[in-house]
Each structure stands twice: as C-alpha cells, then as structure tokens.
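Let's take a walk through this fold, one link and one layer at a time. Keep the viewer open and follow along.

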Amino acid sequence: MLKKLLAGVGLTVTLALSACQTTATEPTTLACRAPTGEEFEIFRAVISRDTNTLTRLSAIGPARTALERNDPYVAGHLWGHQGYTGGTLVGVLTQPPPCVIDLPRRIDAEGNVITTQRSIAVYQESRFRALTGGSVTFAPEQAVRLPGVNRQDYFRCDMVQSGSSWRMTDLCSLPTVAGRVG
C-alpha cells in the first residue's frame, strides 16, 4: 500500500512539474544553489520556530491562516512531534547546508512565463549529491522529476511575488493546502 501511495505521489509531482514547464528547447538542469536572503530568512524561522516571521513571509491564504491559528497539523508538518523530525521541513534544514533547486517556471494559457510565481525544492546538499551526483539534466521532451522522495529527501515550496518580495503560499507543501499531497 505504501509503495502504491509513494508511486502515486511521485507521479503527481512529475505531472505537476511537467505542467509547470515552459516550452523550452534547451535541456533543464536541476542543480544546487545557496538560498536567497528571503529563502534563508524562511529557513532560519523554521529552525528557530519563529512563527511571527513565518507568518510575515507567507502569502495570505490557507497555509498562513492555519499558521496564525496555531494549527497542530502545521506544527507537525514543520517541526514534527515529540522530538521526531523525520519527514518534516526542520528535519531537512537542520542538516546543513541546504540545497535549493529552482524548478521550471509555470506558463499561462498563452504560453507566457508567469513571473509572479515560482517553485523551489529544498534538499540537504549531501542528500541531493548522493541522489544525483551534483546535478541532473532533463531533455526538452522529458518531464522534470525531482530525485528522491517528497517529504523525506526534499520539500517543494511554492512562492508568489508580493510587492518587491517573495512569500510562501503553502508552507513548503503543507498537504492540506489546496488538497495537494506533494
């Protein structure tokens, strides 16, 4: 049953990433980079359990509302329960350095890149290198698929531009946001 669930999640992530790709004729390479200032501030807030900063860096929506309500599901997603952090965002972030992967940008119905939205994946750098050797390249006709297992090896974070800064829309794949599992 677990294998079927993980296979389904992997297929969902592959399909979601495929739908997000532009019609590029160049190969897509996923490689580590250091977090930007805003991303680093989000990661620091997760590690230090700074909910005020996380709220400030979250876009208005279901994830932010759940964070503001101190929803225990959010706490479990970000920090775990009773000291167990496996499958949590803090579990990935507390084994530095973080490895940020820029995912292909989304396109609108007319084929234009949506510049006000972006997605990243966050890995432990050593885990990403173990899975890929340092980078992975996909041919233009291939679906981009993140290496590893979601919520174990990486977390996907969706961002939206708000003014001059980027804000999280989903607290890095909070499963209850928009009915998404990955």
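Start with the covalent cross-links: the count comes to two disulfides. Bear in mind that what you have on screen is a predicted model. As a reminder, a disulfide is a covalent bond between the sulfur atoms of two cysteines.

One of the two is the link of Cys32 and Cys99, whose sulfur atoms sit 1.9 Å apart. Which hand does it have? The torsion about the S-S bond of Cys32 and Cys99 is about -100°, so this disulfide is left-handed. Cys32 lies in the loop between strand E1 (28-31) and helix H2 (37-47), while Cys99 belongs to strand E2 (residues 98-102), so the pair ties together parts that are 67 residues apart in sequence. The two ends are not alike in their surroundings. Cys32 counts as partly exposed because its relative accessibility is 23%. Cys99, at 0% relative accessibility, counts as buried.

Now jump to Cys157 and Cys172, which form a disulfide with their sulfur atoms 2.0 Å apart. Here the angle about the S-S bond is 100°, and the link of Cys157 and Cys172 is right-handed. Cys157 is in strand E5 (residues 154-162) and Cys172 in the segment after strand E6 (165-168), with the two positions 15 residues apart in the sense of sequence separation. Both Cys157 and Cys172 are buried. If you number the bonded cysteines in sequence order, the pairing reads 1-2, 3-4.

Several of those strand names come together in the sheet, so color it up next. How are the strands ordered? The open sheet has four strands in the order E2-E3-E5-E6, with antiparallel pairing. E2 and E6 are the edge strands, each pairing on one side only. Going from one strand to the next, the twist averages 35°. Zoom in on E5 and E6: these two run antiparallel and are joined by four bridges. Within that stretch, Val160 stands opposite Arg167 in E6.

Two helices can be placed against this sheet. H2 lies across E2, E3, E5 and E6, running at about 55° to E3. H7, on the other hand, lies across E2 and E3, and its angle to E3 is about 90°. Ser126 is a handy marker for H7, since its place is in that helix (residues 125-132). Is Ser126 buried or exposed? Ser126 is exposed because its relative accessible area is 55%, and the cut-off for exposed is over 50%. In sequence Ser126 is 29 residues from Pro97, yet the C-alpha to C-alpha distance between them is 8.1 Å.

Another pair of that kind involves Pro140, in the loop between strand E4 (135-138) and E5. Pro140 and Glu26 are 114 residues apart in sequence, with their C-alpha atoms 5.9 Å apart in space. Pro140 counts as partly exposed because its relative accessible area is 36%.

On to the charges. Side chains of opposite charge can pair when their charged atoms come close. How many salt bridges does the structure hold? The total is eleven salt bridges.

Asp158 is a good place to begin, back in strand E5. Arg106 forms a salt bridge with Asp158, the closest N and O atoms being 3.3 Å apart. This pair links distant parts of the chain: Arg106 is in the loop between E2 and strand E3 (117-124), Asp158 is in strand E5, and they are 52 residues apart. Arg106 counts as buried because its relative accessibility is 19%, and the cut-off for buried is under 20%. Asp158 counts as buried at 7%. Arg156 also forms a salt bridge with Asp158, with 3.2 Å between the closest N and O atoms. Both Arg156 and Asp158 are buried. Elsewhere, salt bridges that share partners join Arg33, Glu39, Asp102 and Arg118 into one network.

For another setting, look at Asp71 and Arg69, whose side chains meet in a salt bridge at 3.3 Å, N to O. Arg69 counts as exposed because its relative accessibility is 56%. Asp71, at 22% relative accessibility, counts as partly exposed.

Key: Residues numbered from 1 in each chain as written. Predicted model: local features only at pLDDT ≥ 70, side-chain atom pairs only at ≥ 80, totals over all residues. Heavy atoms only, no water. Buried < 20%, exposed > 50% of the residue type's maximum accessible area, 1.4 Å probe, protein only. Disulfide = S-S within 2.5 Å. Salt bridge = Lys/Arg side-chain N within 4 Å of Asp/Glu carboxyl O. Pairing = 2+ DSSP bridges. Axes fitted to C-alpha atoms, helices over the stretch in contact; angles between N-to-C directions. Contact = heavy atoms within 4.5 Å.
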